[in-house]
Each structure stands twice: as C-alpha cells, then as structure tokens.
Amino acid sequence: MSRSRIDVVVVGGGVVGAACALALQQQGLEIALVEMQEPAPWFDLQPDLRVYALAPDNADLLQSLRVWREVCESRVQPYRRMRIWDAAGGDELVFDADTFGVAQLGWIVENSLLVDRLWAALQAQGIRICCPAKVETLEQFDDSVRLRLNDGTRLDASLAIAADGADSTLRELAGMEVSRHAYHQRGVVAFVETEHPHETTAWQRFLPTGPLAFLPFSSGHCSIVWTLPDTEAERVLALEEAAFGCELTDAFGGRLGQVRLASSRVAFPLRRQLIDRYVSGRVLAIGDAAHAVHPLAGQGVNLGLRDVAALCELVRVVHTQRSDWAAPHRLQRWARMRRSDNTVSAYGFDIINRIFSNDEMPLVLTRGPLLGLANKLSPLKRMFWRRAAGI
Ligand SMILES: Cc1cc2nc3c(=O)[nH]c(=O)nc-3n(C[C@H](O)[C@H](O)[C@H](O)COP(=O)(O)OP(=O)(O)OC[C@H]3O[C@@H](n4cnc5c(N)ncnc54)[C@H](O)[C@@H]3O)c2cc1C
C-alpha cells in the first residue's frame with residue numbers, strides 16, 4: 001500500500017491523459033498516472049484504425065512534450081488541402097495550405113502511435129504509472145483528494161484529473177453529471193486503397209445518411225470515416241469486401257476512382273456528451289471524459305489536447321505566484337474557458353450534421369450554394385481555418 005502525497009493523479013492514459021501527465025510534470029509537479037490496461041504497442045505493419053486529424057496547435061504541444069519528432073519519424077501524413085462538398089450538387093468548399101501561408105493544414109496520425117510515444121516519454125521521465133489499475137473510491141477534502149485503486153494502492157493528491165474517456169469512472173465517483181444526445185449514427189472506419197492518388201487532401205462528401213471522409217494515410221491509401229445511421233452501418237459492415245468497396249466507391253461519387261477495402265472494418269457509436277461541471281472540488285475532467293463530439297470535423301482529440309494546454313498555462317502562471325494552483329476558484333477560470341470552446345464546437349458540429357445529414361428539399365437546395373458562398377468569402381474561410389487549427 002502506497003501513502004505518498006503527490007500533486008496530481010491523472011486517471012486514464014489515452015492520448016489526452018498521457019499528454020496531460022507529461023505536460024504537468026514539465027511544470028515541476030509530481031504526477032501519478034492510473035490506467036486500467038497496458039496500451040498495445042504500435043506496430044507499423046498493423047496500422048491503428050483510429051486515426052486523428054491533428055491540428056497545428058496540438059502538434060506544437062506534442063513538440064513541447066518532446067514526442068512529436070518521434071511520432072513524425074514513425075508515420076504521419078501531412079495534409080495540404082481539404083475539399084468539402086454535398087452529394088446533391090453545388091460548389092465545393094476548399095481549404096488550401098498555400099492560401100494560409102502554411103506548409104500543411106494538419107497531420108493524419110494513428111491513435112496507438114501517439115499513445116505509444118507518449119508512454120515511452122512518461123517512462124523516460126520516471127512518472128509513476130499504476131497499470132493495470134482502476135479507481136475504486138474517491139474522498140474529497142478541503143485541500144486534497146484520496147483515491148483508492150483496486151490493487152490496494154492509496155493515492156493522496158492536491159488534484160485528480162478524469163481523463164478516462166467518455167464513460168469515465170472518476171467523473172461518476174465525483175458526482176459530475178453529463179448531458180447526452182445519441183446521434184443514432186455510427187462512424188464506420190477502415191483503410192482503403194484508392195485508384196487515384198489522394199493528393200494529400202482530406203476529402204469530405206456530405207450524403208443524406210451522414211458525412212463520408214477520406215483522409216490521406218499513405219501512398220495509395222486513405223483512412224475512411226463513414227457516418228451512417230445505426231442500421232445502415234450494420235448492413236455495410238456485413239457486406240462482402242468487394243460489395244463494400246463498390247458501395248463505398250458510389251457513396252464517394254467515384255472521386256478517387258475505384259475503392260478497395262484494405263483492412264478490417266469497425267464502427268463506433270456517435271454521441272454528443274457534455275459535462276455539466278468541469279470541476280467538482282479537487283477533481284476536474286478533460287478530453288472525452290468532459291466532452292464527446294461528432295467526428296465530422298475531426299476535432300475530438302484536438303479539443304482534449306486543448307484542455308491540457310490551457311491547464312498547463314494556468315499552472316505555469318499560478319505557480320510563478322507561489323499560490324495554490326489547484327484551488328477550486330482557479331480551476332473554475334480554466335473550466336469557464338474550456339466549457340465555452342468545447343460547447344461551441346459540440347453544437348457547431350451538431351448543426352452541420354443536422355443541416356447536411358438529411359434530404360429535406362429546402363436544405364438540399366441551399367447546401368451547395370451555401371458551401372460555394374463560404375468558399376468565396378476569404379475572411380470566413382480564414383476564420384474557420386483558424387478555429388480548426390487552434391491558432
Ligand atoms: C469514428 C471516430 C473517429 C474519430 N476521429 C477523430 C479525428 O479525426 N480527430 C479527432 O481529434 N478525434 C477523433 N475522434 C475522437 C477521439 O477518438 C476521442 O476524442 C479521443 O480518443 C479522446 O481521447 P481521451 O484520451 O480523452 O479518451 P480515450 O482515448 O477514450 O482514453 C481513455 C483512457 O482511459 C482508460 N480508462 C477508461 N476507464 C478507466 C478507468 N476506470 N480507470 C483507469 N483507466 C481507464 C482507457 O483504457 C483509455 O486508455 C474520433 C472518434 C470516433 C468514434
């Protein structure tokens with residue numbers, strides 16, 4: 001049984017939790033990380049089906065954690081363009097790196113690679129890792145929290161951070177409520193081989209059933225996120241490989257020629273889930289534990305990493321003043337800022353999903369011209385880009 005008093009316990013060692021543990025340790029805090037299962041090592045011949053479109057501000061964060069170079073040396077795919085259009089016709093909305101004077105708009109990167117490199121850094125930094133272990137109980141005091149794990153470990157800390165995903169246990173133990181909305185849609189993900197090159201472009205076609213994204217992954221290969229109503233997702237998952245390829249080719253309007261399935265397929269249920277209070281005493285929630293959003297803008301993990309960057313900034317500023325950085329009133333300031341960004345994003349994606357994922361005639365007729373208009377308005381486009389890029 002361990003009885004040490006530390007600064008922060010981070011529960012959950014996914015991308016957001018692991019990055020948070022590393023970033024706070026860099027601020028001079030003593031950290032313990034609790035994770036229920038050892039992450040599977042990244043293996044280049046078995047790409048992870050869960051890939052992210054990582055935004056530039058988060059690449060900077062990973063750079064400051066000294067893991068970005070290692071990730072880039074393994075496998076990342078920069079993308080220079082985004083093309084968004086509606087299946088019913090009309091103009092395209094195009095974002096081009098050259099227009100914004102940057103080398104790329106972002107990077108496509110595998111979840112397991114990010115976790116693998118973050119964990120290597122956690123171990124190299126000597127951060128205490130309790131794994132496999134789960135939190136069983138939580139007690140809150142005025143100036144600390146006490147967590148008991150299922151292996152008998154007791155952890156006393158100034159702050160506990162819930163980074164244990166959308167079904168967070170720590171959030172529940174702290175009595176933090178969430179409001180949920182099920183989209184009754186699933187994201188079907190897979191790798192595919194395309195007849196024509198992807199042109200380092202992230203493509204998204206809106207269909208009445210939901211958006212279909214082709215993200216450039218490697219030469220001749222894309223990662224797809226195909227949003228479909230639950231029953232349709234089940235149907236396409238059960239299709240023979242060749243039939244799946246044909247339906248996908250059609251759904252994408254043949255934009256990259258014939259498409260062939262190049263991996264297994266899985267589907268994730270999609271939901272919007274927002275926490276009511278980001279802070280409860282000395283527990284706070286980040287990442288999917290605080291907010292789960294529709295994947296149509298590829299912002300889920302990006303929002304979580306922005307929670308981390310903002311928290312580190314708070315700790316940095318308050319630490320130099322030598323005051324209690326984890327005092328609830330200080331955490332509330334962080335919470336207000338992050339709530340606003342995450343809520344605007346979650347409802348923004350919601351509105352886009354509602355407008356585009358249906359075949360009501362008035363909306364069908366206005367969608368194409370709307371995208372075309374947005375494409376012509378440079379300041380609006382720049383505003384969208386700056387928001388997505390976190391700059
Ligand atoms: C189809 C699909 C496509 C997506 N595409 C994108 C994209 O392009 N870009 C993007 O930014 N996001 C995307 N997302 C969202 C992204 O996957 C999540 O936002 C991201 O994984 C959240 O990271 P996290 O670290 O907060 O949570 P998670 O990745 O869920 O990690 C939580 C960790 O906590 C651990 N854990 C859970 N319970 C406990 C417990 N009780 N005790 C200890 N440990 C525990 C888990 O084992 C896990 O390691 C997509 C999601 C879906 C479904």
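Which residue in S7 stands opposite Gln77? Ile108 does. The legends below describe close-up views of a predicted model.

**View 1. Strands S4 and S7 pair in the antiparallel sense.** S4 (77–79) and S7 (residues 106–110) are joined over three bridges. Within this pairing, Gln77 faces Ile108 of S7. Strands of a sheet pair through backbone hydrogen bonds, in either a parallel or an antiparallel arrangement.

**View 2. Three strands make an open sheet.** The strand order is S3-S7-S4, and the pairing is antiparallel. S3 and S4 stand at the edges. Each has a single partner strand, so one side of each has no neighbour in the sheet. On average, neighbouring strands are turned by 25° against each other, direction ignored. Helix H4 packs on this sheet and touches S3 and S7. The direction of H4 makes about 80° with that of S7.

**View 3. S5 and S6 form a hairpin.** Six residues lie between the two strands. In the turn, Gly89 has a positive phi of about 115°. S5 (residues 81–86) and S6 pair in the antiparallel sense, over four bridges. Arg83 stands opposite Val94 in S6.

**View 4. Side chains alternate along S6.** The strand covers residues 93–96. Leu93 and Phe95 point to one face and are buried. Val94 and Asp96 point to the other face and are not buried. In a regular strand, side chains alternate between the two faces of the sheet. Val94, on the face that is not buried, is also the residue opposite Arg83.

**View 5. Met36 sits in a loop.** The loop runs between S2 (31–34) and S3. Is Met36 buried, exposed or partly exposed? Met36 has 18 other C-beta atoms within 10 Å, so this residue is partly exposed; the buried class starts at 20 and the exposed class ends at 12. Leaving aside residues up to four places away in sequence, Met36 touches Pro132, Ala133 and Lys134. Ala55 is 19 residues from Met36 in sequence. In space, the two are 28 Å apart, C-alpha to C-alpha.

**View 6. Two domains meet.** The domain assignment gives domain 1 (5–45 + 111–180 + 272–353) and domain 2 (76–110 + 183–270 + 360–389). Their C-alpha centres lie 30 Å apart. Ten residues of domain 1 and nine residues of domain 2 take part in the contact. On the domain 1 side, helix H4 (residues 111–124) gives the most, with four residues. That side has six nonpolar and four polar residues, and no charged ones. H4 is also the helix that packs on the three-stranded sheet.

**View 7. The ligand lies between the domains.** Domain 1 and domain 2 both give residues to the shell around the ligand, so the ligand lies between them. Which residues come nearest? Of the 33 residues around the ligand, these are Gly14, Gly165, Gly187, Gly287 and Gly300.

**View 8. Helices and strands line the ligand shell.** Helix H1 (15–26), strand S3 (51–54), strand S12 (178–194) and helix H8 (300–320) each supply at least two residues. The largest share, four residues, comes from H8. By class, the shell has 14 nonpolar, 14 polar and five charged residues. S3, one of the contributors to this shell, is also an edge strand of the open sheet in View 2.

Key: Residues are numbered from 1 along each chain as its sequence is written. This is a predicted model: local features need pLDDT of at least 70, side-chain atom pairs count only at pLDDT 80 or more; totals for chains, interfaces and linings use all residues. A residue is near a molecule or strand if its C-beta atom, placed from the backbone, lies within 6 Å of it. Ala, Val, Leu, Ile, Met, Phe, Trp, Tyr, Cys and Pro count as nonpolar, Asp, Glu, Lys and Arg as charged, and the others, Gly among them, as polar. Domain bounds come from an automatic or database domain assignment. Two residues are in contact if their C-beta atoms, placed from the backbone, lie within 7 Å. Two strands pair if DSSP finds at least two bridges between them. Axes are lines fitted to C-alpha atoms, for helices over the stretch in contact, and angles run from 0 to 180 degrees between N-to-C directions.
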